[in-house]
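Here is a briefing for a reader new to this structure. Look first at the sequence and the model, then read the points below.

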Amino acid sequence: MSDKTFYITTPLYYANDELHIGHAFSTLAADIMSRFQRSMGRKVYFLTGSDEHGQKVEQAAKAKGLTPIEHTDKLVAKFKSLWTLLDITYDDFIRTTEERHEKVVTYVLNKLWEQGDIYASEYSGWYCTPCERFWTEKEVPDKICPDCHRPVQEITEKNYFFRMSKYQQKLIDHITANPGCIKPESRRNEVLGFLRKPLNDLCISRPKSRLQWGIELPFDKDYVTYVWFDALTNYISAAGYPYDMEKFNELWPANAHLIGKDILTTHAVYWGTMLLALGLPLPMCIYAHGWWVTGQGKMSKSVGNVINPRELVATYGLDPFRFYLFREMIFGQDATYTKENFTNRYNADLANDYGNLCNRMLPMLMKNREGIFHKTEATLDQTKEIIALAKQTKENFVKGMEDFAFNEALEHVWTFIQRLNKYVDETAPWKVAKEGNTTLLDEIFYTIGEAIRFVSVLVTPFMPNLAPKFLAQIGCPQSMNFTIKDLEWGQLPEGTKCGEPKPLFPRIETERIQALKSGKPAKQAKEEKAPKAKAEEVSTDGVITFDDFMKTELCIGKIETAEKVENADKLLKLSVNIGEEQPRTVVAGIAAYYKPEDIVGKQVLMVKNLKPAKIRGIMSHGMLLCAETEDGNLALMTPSIPAKTGIRVH
Ligand code: MSP
């Protein structure tokens with residue numbers, strides 16, 4: 001790994017409107033990558049910012065009765081406050097209205113003008129005002145903009161052009177010789193496909209008669225610079241070019257420009273040829289990720305389907321939000337956001353898998369070993385397997401991250417977490433404690449504790465607030481400052497005393513489950529118990545003792561009859577044989593998922609000692625256990641092979 005500073009950038013967001021989760025995603029990707037690289041021991045320079053010139057911004061300001069700069073000042077303050085909320089660790093925020101940027105754009109324009117790469121010409125074309133771009137006659141046979149589908153107007157005017165065509169072959173050669181320079185591979189092929197046709201030169205000016213809000217061309221005061229030519233230059237202006245070459249040489253070429261797939265051509269082709277004309281190296285990698293979509297396609301204000309990141313953070317907490325976006329999306333492909341999908345991910349991966357590991361182990365450690373981890377030899381085959389898997393997981397995680405395969409990297413960690421939960425079941429520390437085998441107990445506890453530390457260090461870039469809290473729970477002092485680079489098995493010191501166990505990912509109760517428990521329609525149940533999952537707000541420690549658990553009598557029941565409850569779409573009245581003299585009457589909210597005739601004769605898991613309750617005038621005496629399925633249905637819990645009716649389950 002070289003010593004060069006890892007220079008990573010996000011697109012500059014248009015300062016014409018507020019940001020949604022699609023924008024947040026690009027910035028979070030850069031933040032996670034930056035945190036990962038820092039944890040790998042590299043110096044990082046993380047740049048983000050705002051794209052403030054051009055027609056869109058000018059029009060948005062006008063609509064609000066503000067000057068463009070008043071308008072962008074307001075939006076930039078909002079952008080920055082969103083980045084603070086999302087815990088974005090950027091090193092620099094560049095605004096294209098800043099002097100340090102404008103003077104570099106002027107320098108670049110002058111340089112290219114002087115070397116003959118910019119020329120004036122009469123131009124006639126079809127102009128799309130909202131997209132601020134010209135189309136050729138052939139590209140708009142129906143006089144409709146191929147991008148935004150709005151009418152285009154024919155305009156003839158003098159303009160200035162950048163000789164993009166002159167650098168076409170050089171660009172093709174570069175992309176062909178450097179397979180990693182545009183990722184994923186499919187996007188690289190897309191660019192090479194685009195470059196098979198002859199490139200037109202790029203119109204880089206806008207007459208002031210049409211647009212005032214831009215950087216003036218140094219060689220013609222009647223024109224301002226095309227907003228993309230201006231904005232792309234930010235990647236070198238923020239890096240110091242050409243006035244602080246020491247800084248520039250340390251940063252350039254950028255390691256990664258993270259962008260969405262919608263702005264691939266501008267980055268791969270416009271920016272690539274601009275850099276070739278300036279005689280500068282091209283970025284090492286342009287990574288184009290996919291879009292977050294909802295049922296109605298790509299998020300956009302005009303469609304009215306934008307998801308506000310602030311709302312998700314307020315509802316679910318920051319770290320689950322950060323985690324979800326990257327666990328769910330295969331980086332490079334589109335992903336669909338739904339509330340249900342978010343809840344399922346949260347409950348399965350965070351509440352059940354990761355959260356449960358700590359919740360299960362720490363109370364046992366406190367009860368049996370005064371909360372202290374003792375380092376012992378690995379004697380069990382399963383322990384040896386966990387140690388080997390931990391090392392393998394780190395390797396796979398690092399490989400995935402280096403390749404921007406965020407979801408794959410997380411997948412490896414979750415495979416490990418699931419194996420760990422199985423390890424707890426297999427080694428049954430509660431039994432070992434009863435037998436009094438403290439050496440074995442120490443081995444099991446240390447293995448789990450050390451594995452939790454491994455997992456937490458790896459996922460810290462994704463969950464920078466909660467992962468350190470897991471470390472604190474197993475007793476790692478902050479001063480130990482574990483990094484991914486130095487992560488080795490066995491670094492949890494002998495005699496570490498665990499901290500206070502506290503569930504960090506309380507389950508989100510879905511409306512369906514609440515309705516089922518209460519026997520009330522989902523909406524009513526939701527209103528009565530608004531499910532907020534802000535980890536910090538939960539006061540109970542959520543952990544129960546074995547004795548607590550034993551208070552719940554679970555048993556196997558057999559459904560003898562089932563019928564619909566009048567005027568209640570969701571309820572079935574069941575009589576369930578649990579080996580008592582009389583079958584129990586149970587009212588269950590499962591009518592939407594099961595027909596009465598389909599469940600008669602089925603064995604089910606039932607809570608036997610639940611206080612009877614009247615539901616729709618019927619006394620219900622017990623509760624059936626159910627779980628939501630992956631496709632959002634409901635599964636009645638039944639024994640995997642026929643069991644004795646009425647037998648206790650534990
Ligand atoms: N200002 C230009 C970029 C100039 S870079 C020199 C721009 N700005 S933008 O605000 O419209 O969008 C910036 C980026 O936001 C997109 O390229 C993409 O990275 C991200 N996204 C916007 N909507 C998105 C989704 N629905 N999903 C994922 N990312 C999306 O283009």
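In this predicted model, 24 residues surround the ligand. Those that come nearest are Leu12, Ser26, Asp51, Gly260 and Trp292. The notes start at the ligand, then move to single residues, strands and backbone features.

**Around the ligand**

- The backbone of Leu12 offers a polar atom 2.8 Å from a nitrogen atom of the ligand.
- Gly22 also takes part through its backbone: one of its polar atoms is 3.1 Å from a ligand nitrogen.
- Ser26 uses its side chain, where a polar atom lies 2.7 Å from an oxygen atom of the ligand.
- On its own, the ligand has 660 Å² of accessible area, and the protein covers 95% of that.
- Five elements are named as giving two or more residues to the shell: β1 (6–14), α1 (21–39), α7 (227–232), α8 (234–237) and β12 (256–260).
- Strand β1 supplies the largest share, four residues.
- By residue type, the shell holds 12 nonpolar, nine polar and three charged residues.

**Thr97, a loop residue**

- Thr97 sits in the loop between β3 (92–95) and α4 (99–114).
- Is Thr97 buried or exposed? Its relative accessible area is 17%, so Thr97 is buried; the cut-off for buried is under 20%.
- The side chains of Thr97 and Glu52 make a polar contact at 2.9 Å.
- Beyond its neighbours within four places in sequence, Thr97 is in contact with Glu52, His53, Ile69, Glu102 and Trp213.

**The hairpin of β18 and β19**

- Strands β18 (residues 572–577) and β19 pair in the antiparallel sense, over five bridges.
- One bridge sets Ser575 against Thr585 in β19.
- The two strands form a hairpin, with six residues between β18 and β19.
- In the turn, Gly579 has a positive phi of about 80°.
- Strand β19 (residues 584–588) is mostly covered, with four of its five residues buried.

**A sheet of three strands**

- Strands β15, β14 and β16 make up an open sheet, in the order β15-β14-β16. The pairing in this sheet is mixed.
- β15 (297–298) and β16 (335–336) are the edge strands, and each pairs on one side only.
- Strand β14 (residues 292–294) runs parallel to β16, and two bridges join them.
- Which residue of β16 is the bridge partner of Val293? The partner is Thr336.
- As a general point, strands of a sheet pair through backbone hydrogen bonds, either parallel or antiparallel.

**Leu636, a strand residue**

- Leu636 belongs to strand β25 (residues 634–636).
- Its relative accessibility is 7%, so Leu636 counts as buried.
- Setting aside residues up to four places away in sequence, Leu636 touches Ile590, Tyr594, Ile599, Val604, Leu624, Leu625 and Cys626.
- Leu636 and Lys602 are 34 residues apart along the chain, and their C-alpha atoms are separated by 9.6 Å.

**Backbone features to note**

- Most residues other than glycine have a negative phi, and most peptide bonds are trans. The points below concern exceptions.
- Lys183 and Pro184 are joined by a cis peptide bond, with omega about -10°. Pro184 lies in the loop between β7 (182–183) and α6 (185–194).
- Another cis peptide bond joins Trp252 and Pro253, with omega about 5°. Pro253 has its place in the loop between α9 (245–251) and β12.
- His149 is not a glycine, yet its phi is positive, at about 60°.
- The loop between β5 (133–135) and β6 (153–162) holds His149. His149 is exposed, because its relative accessible area is 58% and the cut-off for exposed is over 50%.
- Ala428 also has a positive phi, near 40°, in a residue other than glycine.
- Ala428 is placed in the loop between α15 (406–427) and α16 (429–435). Its relative accessible area is 8%, so Ala428 is buried.

Methods:
Residues are numbered from 1 along each chain as its sequence is written. This is a predicted model: local features need pLDDT of at least 70, side-chain atom pairs count only at pLDDT 80 or more; totals for chains, interfaces and linings use all residues. Side-chain values use heavy atoms; hydrogens and water are left out. A residue is near a molecule or strand if one of its heavy atoms lies within 4 Å of it. A polar contact is a pair of N or O atoms within 3.5 Å; within protein, one must be able to donate a hydrogen and the other to accept it, and residues adjacent in sequence count only if both atoms are side-chain atoms. Accessible areas come from the Shrake-Rupley method with a 1.4 Å probe; for residues, only the protein chains shown count as cover. Ala, Val, Leu, Ile, Met, Phe, Trp, Tyr, Cys and Pro count as nonpolar, Asp, Glu, Lys and Arg as charged, and the others, Gly among them, as polar. Buried means under 20% relative accessible area, exposed over 50%, partly exposed in between (1.4 Å probe, protein chains only). Contact means heavy atoms within 4.5 Å. Two strands pair if DSSP finds at least two bridges between them.
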